[in-house]
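Here's a friendly walk through one protein model and the ligand it holds. Take a look at the sequence and the structure, then read on.

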Amino acid sequence: MDNSFYELGMVGLGVMGRNLVLNFADHGFPVAGFDKDTTKVSALNSEGEGKKVKGVNSLNEFISILKKPRVIMMLVPAGAPVDSVINDVLPFLEPGDLIIDGGNSHFTDTNKRFIELGNKKIHFLGIGISGGEHGARFGPSMMPGGPAEAYERVHPIFEAASAKVKGSNCVEYLGPGSAGHYVKMVHNGIEYGLMQLISESYDLLKRGLNLSNDELHKIYQSWNEAELQSFLIEITANIFMQPDDKKSGMLIDKILDKAKQKGTGKWTSQDAMNLQVPLNTIDAAVAMRDMSAYKPERENAAKIFSKTSFSLSGHKNDFITRLRGALYFSMITTYAQGMAMLLSASKEYDYNLKLQDVARIWRGGCIIRAALLEEITKAFDKSPGLSNLLIDPGISTEIKKRSNDIRFITKAAIDLEIPVPAFSASLAYFDSYKSAWLPANLVQAQRDLFGAHTYERVDEVGVYHTQWNQK
Ligand code: 6PG
C-alpha cells in the first residue's frame, strides 16, 4: 500500500478499537491500526482482510502511513493510558495534526489535555462512544466535543459509521472543550440508574412474586414491545434465557450478586453534587453498586436480621401491570435528572449544549437507547431550554398516569423488605420537585440558630439573623 494512504490511525486495538476500525473501513475510509500487542494487530489484519485496513505494531510505521495532516484516534482505558499514548505519539506529530480520544475520559482530564496539546498546536477532540462491541462494529452513538473546525475535518467518517434512526445520524457535534466526554459521562449515569431500576423490578418479580426465569423472560419481552422498549429491557429479557455454559441450570442464577464499576456513574454523581443538581435515582444506583460489594457483611447481617414473611395480597397480574407503570415512571425521572444536569453543566462550563441534539443521538446505538428518547427529543425540540423534562406537557401526562403505580410498588416493596432505593428515589425526586413548599425553612432556622448563617423571609426581601430564644 502507498505511504500516507490512511485517513485515520487508531491506537488501541482491543475489541472496541478493532471493531470501530472495521466499521470505518466498511464505509470506505482507509484506516491504520496500532497496538503494542501483536496478537491484537494480527486479529485486526485477519478480520480486516479485503478491507482498506492495516494493523502494525511499529509506531514509526504507523505514523508514516497516515495521510497529513494526521488524524490519530485512541480507544484505550481512561486515565494514565491516554496520557501515555499522547506522550508516545507527540514526538512524531506536527502542528495541525489531530488527536481524538474516544474513551470514557473524565472531563477534567480532557480539559487539561486541550490546554497541553493546544500549546503544541495539536488539535484535540474528546468523543464519547457508546454501544459496546456490537455498536462499535455496526453503528455506535457518538458524542463529539472540542473545536468545531477539528470536528469538521472528520465528521464524514463519524457520520458514516454511526447508528442511524429514521435517517438521522446518531452523532452530532455537541460543543467545545470536554462537552462530548461530559455528555457521555451523564449518559453513563443514566445507564446506572436504568440498570438499577430494572434490577429492582427483577427483585420484586423474583422474590416478591416467585417468578421463574421463563416467566421473567416473557414479562420483559412483552414490556419491550411497548412504551418500555429499550436496549436494556431487551437484553434483560434475553439474559433470563441464557443457559449456564459450565453446568446445568440458567446462567443468571450462577452469577455472583456483586456488581463492578469503572467509575463513570460515580463521576456523574460527584459532579452533580458540585453543580448542586439533585440526582436522586443515579446517586441511589451508584450507592447500590457499592452496597452489592459488601457481600460477606450482607450475608452476616442477613443472619442477624431475619426477614418477616409478608406475602402480596391481590392479583399477580395487577402487580405486574403496576410494576410496569412504576418502571416507566422511574425511567422518565432518570432521564429528567440527567437532562437537568446537562442543562446546568452547559451553563457552568459554557458547553452551549442543545439538549434536543443530545436526546436525538441517544435514540440509537447507545446503551440507553429507548423508545422514550423519541418523546424526549420532541420535548426539547419544542422547548430547547426546558428546565425539567417532567414539566413537558406530553411527559407530565405520562407521569401523572403512573404516579399511583410507583406509590403502590414502593409501599409493597417496603412491606416485602425488598430494597428499592432507585424506585423510591425516583418517587422522592418527583414528590420533592412538585412540592411548592419544602421543610427547608426549618433547616434555615437551625443554621441561623447555631451558626448565625442568616435566612430569607417569605414576606420581605433581604437576609436576616435572629437572636433565637434558647433555654
Ligand atoms: C457504553 C457503556 C460503556 C461502559 C460500560 C461499563 O456506553 O457503551 O457505558 O462505556 O464502559 O457500560 O461501565 P461500568 O463499568 O461503569 O459499569
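## Around the ligand

A good place to start is glycine 131, where a backbone N or O atom lies 3.1 Å from an oxygen atom of the ligand. Keep in mind that this is a predicted model. Glycine 132 also brings a polar backbone atom to the ligand, 3.4 Å from one of its oxygen atoms. With tyrosine 192, the side chain does the job: an N or O atom there is 2.5 Å from an oxygen atom of the ligand. Here are these contacts side by side.

| Residue | Protein atom | Distance to a ligand oxygen atom |
|---|---|---|
| Glycine 131 | backbone N or O | 3.1 Å |
| Glycine 132 | polar backbone atom | 3.4 Å |
| Tyrosine 192 | side-chain N or O | 2.5 Å |

How much of the ligand does the protein bury? Taken alone, the ligand exposes 410 Å², and 80% of that is buried by the protein. As for where it sits, the ligand takes up the space of the second largest pocket.

Now for the neighbours. There are 15 residues around the ligand, and Ser130, Lys184, Glu191, Tyr192 and Arg289 come nearest. Sorted by character, the shell has 9 polar residues, 4 charged ones and 2 nonpolar ones. Helix 8, which runs over residues 179–208, gives the largest share of that shell, with 5 residues.

## The wider layout

Zooming out, the protein is divided into domain 1 (8–177), domain 2 (184–433) and domain 3 (437–471). Why does the ligand lie between two of the domains? Domain 1 and domain 2 both give residues to its shell, so the ligand lies between them. Domain 3 has its C-alpha centre 37 Å from that of domain 2.

## Two backbone spots to look at

Lysine 68 and proline 69 are joined by a cis peptide bond, with omega at about -15°. You'll find proline 69 in the loop between helix 3 (59–64) and strand 4 (71–74).

The other spot is glutamine 276, in the loop between helix 11 (264–275) and helix 12 (280–293). Its phi is near 60°, a positive value in a residue other than glycine.

Definitions and conventions
Residues are numbered from 1 along each chain as its sequence is written. This is a predicted model: local features need pLDDT of at least 70, side-chain atom pairs count only at pLDDT 80 or more; totals for chains, interfaces and linings use all residues. Side-chain values use heavy atoms; hydrogens and water are left out. A residue is near a molecule or strand if one of its heavy atoms lies within 4 Å of it. A polar contact is a pair of N or O atoms within 3.5 Å; within protein, one must be able to donate a hydrogen and the other to accept it, and residues adjacent in sequence count only if both atoms are side-chain atoms. Accessible areas come from the Shrake-Rupley method with a 1.4 Å probe; for residues, only the protein chains shown count as cover. On a 1 Å grid over the protein atoms alone, a cavity is a set of points where a 1.4 Å probe fits but cannot get out, and a pocket is an open set with protein on both sides within 12 Å along at least five of seven lines; lining residues have an atom within 4 Å of a point. A molecule sits in a cavity or pocket if more than half of its atoms lie within 2 Å of its grid points. Helices (H or I, at least four residues) and strands (E, at least two) are DSSP runs, numbered from the N terminus. Ala, Val, Leu, Ile, Met, Phe, Trp, Tyr, Cys and Pro count as nonpolar, Asp, Glu, Lys and Arg as charged, and the others, Gly among them, as polar. Domain bounds come from an automatic or database domain assignment.
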